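Let us take a walk through a protein together, beginning with the whole chain and then stopping at a few single residues. Keep the picture open as you read.

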Amino acid sequence: MAEVLVYVDHVDGAVRKPTLELLTLARRVGEPVAVALGNGAADTAATLAEHGAARVLTHEAAEYADYLVVPKVDALQAAVEAVSPAAVLVPSSAEGKEIAARLALRIGSGIITDAVDLEAGDEGPVATQSVFAASFTTKSRVSKGTPVITVKPNSAAVEAAPAAGAVEALSVTFSAQATGTKVTARTPRESTGRPELTEAAIVVSGGRGVNGAENFSIIEALADSLGAAVGASRAAVDAGWYPHTNQVGQTGKSVSPQLYIASGISGAIQHRAGMQTSKTIVAINKDAEAPIFELVDYGVVGDLFDVVPALTEEIKTRKG
């Protein structure tokens with residue numbers, strides 16, 4: 001069986017959920033071989049083996065933390081040359097897409113970004129994408145070289161599939177470009193206690209209808225009752241009501257949760273582009289003609305200041 005490289009997104013050995021989803025997809029088209037880089041790389045092996053990695057290639061070096069992107073591209077190129085995989089899968093984060101694009105250029109291959117599904121094909125892996133602001137679904141494959149594919153979070157379920165997970169050292173020679181952009185300082189992100197927006201199973205977002213930063217507390221209360229992440233429309237972010245890091249849409253983050261609740265959001269195409277692949281969409285809006293109702297699974301026509309608190313209380317009551 002052909003091997004499939006999976007780039008491991010981890011923090012000091014703690015593997016992030018999108019990587020485990022990639023292992024699920026990788027097993028559909030071949031035998032997963034994980035590539036873990038940087039501090040704590042070897043500590044990822046047990047988790048990766050539990051979720052299907054037959055081998056774990058590791059390399060620890062200060063360059064991965066001290067410099068941007070290129071050292072990781074060097075390492076993935078070395079892994080491609082060592083393994084000759086059927087495909088390379090990378091999480092579809094901002095950094096992941098830059099790594100994937102640089103790698104594809106290096107190895108003379110095609111790239112597919114923001115895939116939402118993956119299946120085996122007669123001539124290589126076939127990726128499903130949601131395109132043109134999620135108006136169309138396409139299936140495509142790379143016709144030249146080793147396919148490099150980035151996959152959006154929440155595109156597959158995390159499945160346990162115990163495998164050997166044999167740890168092997170990866171030999172990496174850094175290029176001259178590896179030290180071109182140095183990280184000079186880091187500021188830890190303040191923890192809200194909520195899930196990462198792009199990885200969350202449930203997202204609750206607020207828009208112009210929230211009518212002020214002080215009112216986002218009711219959106220947060222609903223999110224907390226569900227164990228959800230909080231999102232915001234561009235209108236709410238531009239008004240200064242919520243941080244840009246939480247913006248969902250074409251110029252913000254793309255999310256694909258199991259449940260997306262849009263409160264006071266009209267449904268402009270810019271916003272829809274960032275959430276339309278959500279599995280179940282619920283909208284709360286007092287305007288029955290709002291475009292958001294064209295794509296929802298469930299719609300509530302009503303004032304969010306009445307509906308959202310009532311929904312929050314009902315959830316808390318049912319949870320006991």
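**The whole chain**

The protein chain has 9 helices and 16 strands; helices (H or I, at least four residues) and strands (E, at least two) are DSSP runs, numbered from the N terminus. What you see is a predicted model, where local features need pLDDT of at least 70 and side-chain atom pairs count only at pLDDT 80 or more, while totals for chains, interfaces and linings use all residues. Residues are numbered from 1 along each chain as its sequence is written, and side-chain values use heavy atoms, with hydrogens and water left out.

Now for the overall form. Along the principal axes, the C-alpha atoms of the protein chain fill a box of roughly 60 × 45 × 40 Å. The radius of gyration of the chain is 21 Å, which agrees with the value near 20 Å for a compact globule of 320 residues. This radius is taken over C-alpha atoms, and the globule rule is 2.2 Å times the number of residues to the power 0.38.

How much of the chain is buried? Of the 320 residues, 51% count as buried. Buried means under 20% relative accessible area, exposed means over 50%, and partly exposed lies in between (1.4 Å probe, protein chains only). Contact means heavy atoms within 4.5 Å. Among contacts between residues at least 6 apart in sequence, 65% join residues at least 24 apart.

**A helix and its surroundings**

Next, find helix H6, residues 216-226. Its buried residues are Phe216, Ile218, Ile219, Leu222, Ala223 and Ser225. What do they pack against? Their partners are strand E12 (202-206), strand E13 (229-232), helix H7 (234-238), strand E14 (259-263) and helix H9 (304-319). Just after H6 comes glycine 227, with a positive phi of about 70°.

Before H6, in the loop between E12 and H6, you will meet asparagine 211. Asparagine 211 also has a positive phi, about 65°, although it is not a glycine. Is asparagine 211 buried or exposed? Asparagine 211 counts as exposed because its relative accessibility is 52%.

Compare another asparagine, at position 154, in the loop between strand E10 (148-151) and strand E11 (166-169). The phi of asparagine 154 is positive too, near 70°. Asparagine 154 has a relative accessible area of 6%, so it is buried.

**A glutamine in a strand**

Glutamine 129 lies in strand E8, residues 126-131. Its relative accessibility is 15%, and therefore glutamine 129 counts as buried. Which backbone oxygen lies 2.8 Å from a polar atom of its side chain? That oxygen belongs to threonine 113. Not counting residues up to four places away in sequence, glutamine 129 touches several residues, including Ile112, Asp114, Val116, Phe136 and Ser140.

**A proline in a loop**

Our last stop is proline 85, in the loop between helix H4 (70-83) and strand E6 (87-91). With a relative accessible area of 7%, proline 85 is buried. Leaving aside its neighbours within four places in sequence, proline 85 is in contact with Glu3, Val4, Leu5, Val80 and Thr146. To get a feeling for distance, look from proline 85 to serine 135: they are 50 residues apart in sequence and 33 Å apart in space, C-alpha to C-alpha.

Methods. Polar contact = N/O pair within 3.5 Å; in protein donor to acceptor, adjacent residues only side chain to side chain.
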